[in-house]
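Work through the exercises below with the structure in view. Each task is followed by a solution in steps.

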Amino acid sequence: MKTKEECELEEMLVGARHREEDLISRIMEICSIIYMECPLEYQDAWLDRQVNDGLYTPSGDVDGSE
């Protein structure tokens with residue numbers, strides 16, 4: 001029988017593994033969008049999902065000026 005600590009560690013590892021798989025999937029998706037030279041709307045939709053999921057917060061300065 002596993003200890004409480006072992007169970008918690010296993011849960012953390014499973015969670016980390018799922019997170020890693022999700023992030024790899026997101027990277028593969030944007031790579032495919034770029035590689036296939038999809039319309040900008042595809043990139044915009046991908047980026048919107050990342051913002052909505054809290055993975056990216058655009059800065060107020062998006063035109064590159066300082």
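**Exercise 1.** State what share of the protein chain is buried.

Solution. Buried means under 20% relative accessible area, exposed over 50%, and partly exposed in between (1.4 Å probe, protein chains only). Of the 66 residues in the protein chain, 9% are buried.

The model is predicted: local features need pLDDT of at least 70, side-chain atom pairs count only at pLDDT 80 or more, and totals for chains, interfaces and linings use all residues. Residues are numbered from 1 along each chain as its sequence is written, and side-chain values use heavy atoms, with hydrogens and water left out.

**Exercise 2.** Decide whether the protein chain is a compact globule or more spread out.

Solution. Begin with the elements: the chain has two helices and zero strands. Its radius of gyration (over C-alpha atoms) is 18 Å, whereas the globule rule (2.2 Å times the number of residues to the power 0.38) gives 11 Å for 66 residues, so the chain is more spread out than a compact globule. Along the principal axes, the C-alpha atoms fill a box of roughly 55 × 30 × 15 Å. Helices here are DSSP runs (H or I, at least four residues), strands likewise (E, at least two), numbered from the N terminus.

**Exercise 3.** Place Glu 11 and Glu 41 in their helices and classify their exposure.

Solution. Glu 11 lies in helix H1, residues 4–35. Its relative accessibility is 61%, so Glu 11 is exposed. Glu 41 belongs to helix H2, residues 40–52. With 56% relative accessible area, Glu 41 is exposed too. From Glu 41 to Asn 52, eleven residues along the chain, the C-alpha atoms are 16 Å apart.
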